[in-house]
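I opened my notebook to look at one chain, piece by piece. Here is what I looked up, in the order I went.

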Amino acid sequence: MASLSERMLELEMATQELLKMMTSAEAGKLLKENLEKQEQMIDRLLQTKKSTMQLIQELMSAEELVAQKLSDRDEELKESLRKLQKIEDSLLQEREKDTKLKTSHNTDLRKELEALREEIEQREKTEEEGANASKSAVHLSQLYYRVCPIDWDYSCEPALVKGTHHGPDIAQPFSFESGQHSRCFVSDYLWSLVPTSW
């Protein structure tokens, strides 16, 4: 909502500038300047849309990967349940046999059954934790980008920290050599780019 009202305010200011231009003698020059400003604003909007679409595609890819992992874990769980059912069936058959053999064999089967049950419980717990972690990771990545919209330059040398911060008014590039500045300094500088007014 805040960005929409900001855009409306910018549009109103541009309209007022147009009216001033029409009444002044340098109308052509002012019109050209305002058209250049409008073109820059449109370029920024297109760039923002492009980076947003890229982020959405990355998030969709991450969601697909998580869904595939969950599907694989579900198949493993079903296979474990089938094994458990076979063991339980085998246990019932053994009970019908001789009591002496049943006692020794049941102990082993029960241990295996208990181990499989523990394995299934562990897999269910792991699956639930994985789903929660993936939701949390997606939420955090969206939150980080909204708070501090930085496009990192991954093509630079490993000793460089490089990218562009897209602030509310202007995109500001940055570049630091990690040997010349501490991590704390780089972090403080990047946080200083984040606007504090909401």
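**Entry 1: helix 4**

I began with helix 4, which covers residues 183-193. Which of its residues are buried? I found V186, L190 and L193. I then looked down the axis of helix 4. The buried residues fall within an arc of 50°, so they line one face of the helix. I turned to the other side of helix 4 and noted that W191 and S192 are exposed there. I should say here that the model is predicted.

What covers the buried residues of helix 4? I wrote down that the cover includes strand 1 (150-152), strand 2 (160-166) and strand 3 (171-177). That sent me to the strands.

**Entry 2: the strands**

I took strand 1 and strand 2 as a pair. They run antiparallel, and three bridges join them. I picked out one partnership: W152 has G163 in strand 2 as its bridge partner.

Next I checked strand 2 against strand 3. How many bridges join them? I noted seven, and this pair also runs antiparallel. G163 turned up again, since it stands opposite F174 in strand 3. I put the two notes on G163 side by side: W152 is its partner in one pairing, and F174 stands opposite it in the other.

How does the chain get from strand 2 to strand 3? I traced a hairpin that joins them through four residues.

I added a general reminder for myself. In a regular strand, side chains alternate between the two faces of the sheet.

**Entry 3: H166**

I stayed in strand 2 and chose H166. Its bridge partner in strand 3 is A171. Is H166 buried, exposed or partly exposed? Its relative accessibility is 23%, so I entered H166 as partly exposed. The cut-off for buried is under 20%, and the one for exposed is over 50%.

I listed contacts of H166, leaving out residues up to four places away in sequence. H166 touches P149, D151 and A171. A171 is thus on my page twice, as a contact of H166 and as its bridge partner.

I also checked H166 against V194. They are 28 residues apart along the chain, and their C-alpha atoms are separated by 9.3 Å.

**Entry 4: S80 and E127**

I moved to helix 2, where S80 is found. S80 has 4% relative accessibility, so it counts as buried. What does S80 touch, not counting residues up to four places away in sequence? I wrote down E119, I120 and R123.

Then I went to helix 3, residues 99-147, and picked E127. With the neighbors up to four places away in sequence set aside, E127 touches L70, R73 and D74. I looked up K69 as well. E127 and K69 are 58 residues apart in sequence, and 8.9 Å apart in space from C-alpha to C-alpha.

**Entry 5: the cavity**

I searched for enclosed space next. How many cavities of 30 Å³ or more are there? The count comes to one. The largest cavity holds about 30 Å³ of space.

Which residues line the largest cavity? I listed R7, M41, R44, L45 and T48. Helix 2, residues 27-96, gives the largest share of this lining, with four residues. I sorted the lining by class too. It has two nonpolar residues, one polar residue and two charged residues.

**Entry 6: the whole chain**

I left the overview for the end. The chain has four helices and three strands. From the N terminus on, I read the order as α-α-α-β-β-β-α.

How much of the chain is buried? I noted 17% of the 198 residues. My last look was at contacts between residues at least 6 apart in sequence. Of these, 42% join residues at least 24 apart.

How values were computed. Residues are numbered from 1 along each chain as its sequence is written. This is a predicted model: local features need pLDDT of at least 70, side-chain atom pairs count only at pLDDT 80 or more; totals for chains, interfaces and linings use all residues. Side-chain values use heavy atoms; hydrogens and water are left out. On a 1 Å grid over the protein atoms alone, a cavity is a set of points where a 1.4 Å probe fits but cannot get out, and a pocket is an open set with protein on both sides within 12 Å along at least five of seven lines; lining residues have an atom within 4 Å of a point. Grid points are joined across faces, edges and corners, and a volume is the space filled by probe spheres set on the points. Ala, Val, Leu, Ile, Met, Phe, Trp, Tyr, Cys and Pro count as nonpolar, Asp, Glu, Lys and Arg as charged, and the others, Gly among them, as polar. Buried means under 20% relative accessible area, exposed over 50%, partly exposed in between (1.4 Å probe, protein chains only). The arc is that of the directions from the helix axis to the C-beta atoms. Contact means heavy atoms within 4.5 Å. Two strands pair if DSSP finds at least two bridges between them.
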